[in-house]
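User: Please take a close look at one part of this model, the place where two neighbouring helices meet, and describe it in a connected way.

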Amino acid sequence: MGLIEFSKLPITTLIGADVDTFRKVTAGQTIDEAYRHKFALTKMLCRLLNLTRPLEEKRFRELADKPIEMEPLFILGHWRSGTTFVHNIFACDRHFGFTTTYQTVFPHLMMWGQPFFKKNMAFLMPDHRPTDNMELKVDLPQEEEFSLACMMPYSYYNFWFFPEHWLDYAERYLLFNTITEEERSVFKEQFLKLIKISLWNTHGQQFLSKNPPHTGRVKTLLEMFPNAKFIYLKRNPYTVFESTRSFFSNTIKPLQLQDFPEEQLVKDFVEVYRRLFYKFEEEKSLIPAGNLVEVKFEDYEKDPFEMTEEIYRALTLPGFEESKADIGKYVEKKKSYRKNAYKYEKNTVETVEKYWGMALEKWGYSL
């Protein structure tokens, strides 16, 4: 058991940001009284950790010009659509490289100081996610948006700290509808840097991405990687609603620097789901034929081993034969995992049918 419970974090994940990112993300923001100590401690530790930045940048220069030989595999879908489970299964294939949990917190302490800081992080962090009891360890695969939020000021995940601007962040940094070309160039630059460090750190040849925000960025991802492969996960919207409400409520509380009412949280994530659904539908036609597989998570979890093999075949991915023993072991291990059971309250049903009816209809879900 980690020393600190996630719900009682005395700092935010901006502790791992570079000073320029921290300054730009927090500039002009309202810090509510209850969170000023957390903000001050995060700022102090961020500045302290940045003293090592020149050593990290010197090491990275050895990687900077190294080409990415294989284009990434992106696992897309709204939060709570099963992306973590699929990510962990594909990460059993050692030809894939990925962003680790440690890297999401300390992206600037990867090539210098990692053994020391990772040991301390492992001692302090909780063993499981607070919302669904999924295992947490410093070297396990993790979604890269938390890393990007510490590497540049142009991340959708700024909403965790400043939820008052949630929908503004969504339009600009999730859907890229109002992002400037300068900001988009920074995104591309920092994402390439993250991928190169991730591959170096995990000794992979092909980057394996699990990052729900990328669902709204397909066009930009294809500009960077024209032959990238994509898995798009769909899940029962009634379940996604209940699970997202629980996940966002439990995750935002330890990270927020502004008070934010529960009812507004629900309104905002309901609206983000709607916008993200339409954005992916608009851009998925840009993906070359044969490079996209769309999967219902309910179908996937019935027989994850067989479905994984089918996805490898459909996307012409290498490595299944060499990895199927490890994949089989992971799948067998997770058979005893007990998911949260959700009861669909009347308000849930009414909200989903009113605002997410397009997903119900297109994907064929019903009560």
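Analyst:
**A cysteine and its helix pair**

In this predicted model, C46 touches L14, I15, A17, D18 and F22, when residues up to four places away in sequence are not counted. C46 itself lies in helix α2, and with a relative accessible area of 1% it falls under the 20% limit, so C46 is buried. Its C-alpha atom is separated by 9.7 Å from that of T13, a residue 33 positions apart from C46 along the chain.

The helix that carries C46 also packs against another one: the axes of α1, residues 19-26, and α2, residues 36-49, come within 9 Å and cross at roughly 155 degrees. Angles over 145 degrees count as roughly antiparallel, and α1 and α2 are therefore roughly antiparallel to each other. The crossing of these two helices, α1 and α2, is left-handed. On the α1 side the contact is made by V19, F22 and T26, while α2 contributes F39, T42, K43, C46 and R47. Sorted by class, this contact of α1 with α2 holds four nonpolar, two polar and two charged residues.

For the wider setting, the largest nonpolar core has 75 residues, among which Y156, W160, W166 and F191 touch the most other members. Helix α12, residues 262-283, supplies the largest share of this core, with nine residues. A second, separate core of 26 residues includes I89, L233, F297 and Y300.

Key:
Residues numbered from 1 in each chain as written. Predicted model: local features only at pLDDT ≥ 70, side-chain atom pairs only at ≥ 80, totals over all residues. Heavy atoms only, no water. Axes fitted to C-alpha atoms, helices over the stretch in contact; angles between N-to-C directions. Helix = DSSP H or I, 4+ residues; strand = E, 2+ residues; numbered from the N terminus. Parallel < 35°, antiparallel > 145°, perpendicular 65-115°, else oblique. Left-handed = near helix turned anticlockwise from the far one by under 90°. Contact = heavy atoms within 4.5 Å. Nonpolar A, V, L, I, M, F, W, Y, C, P; charged D, E, K, R; others polar. Core = buried A, V, L, I, M, F, W, Y, C linked by side-chain atoms within 4.5 Å. Buried < 20%, exposed > 50% of the residue type's maximum accessible area, 1.4 Å probe, protein only.
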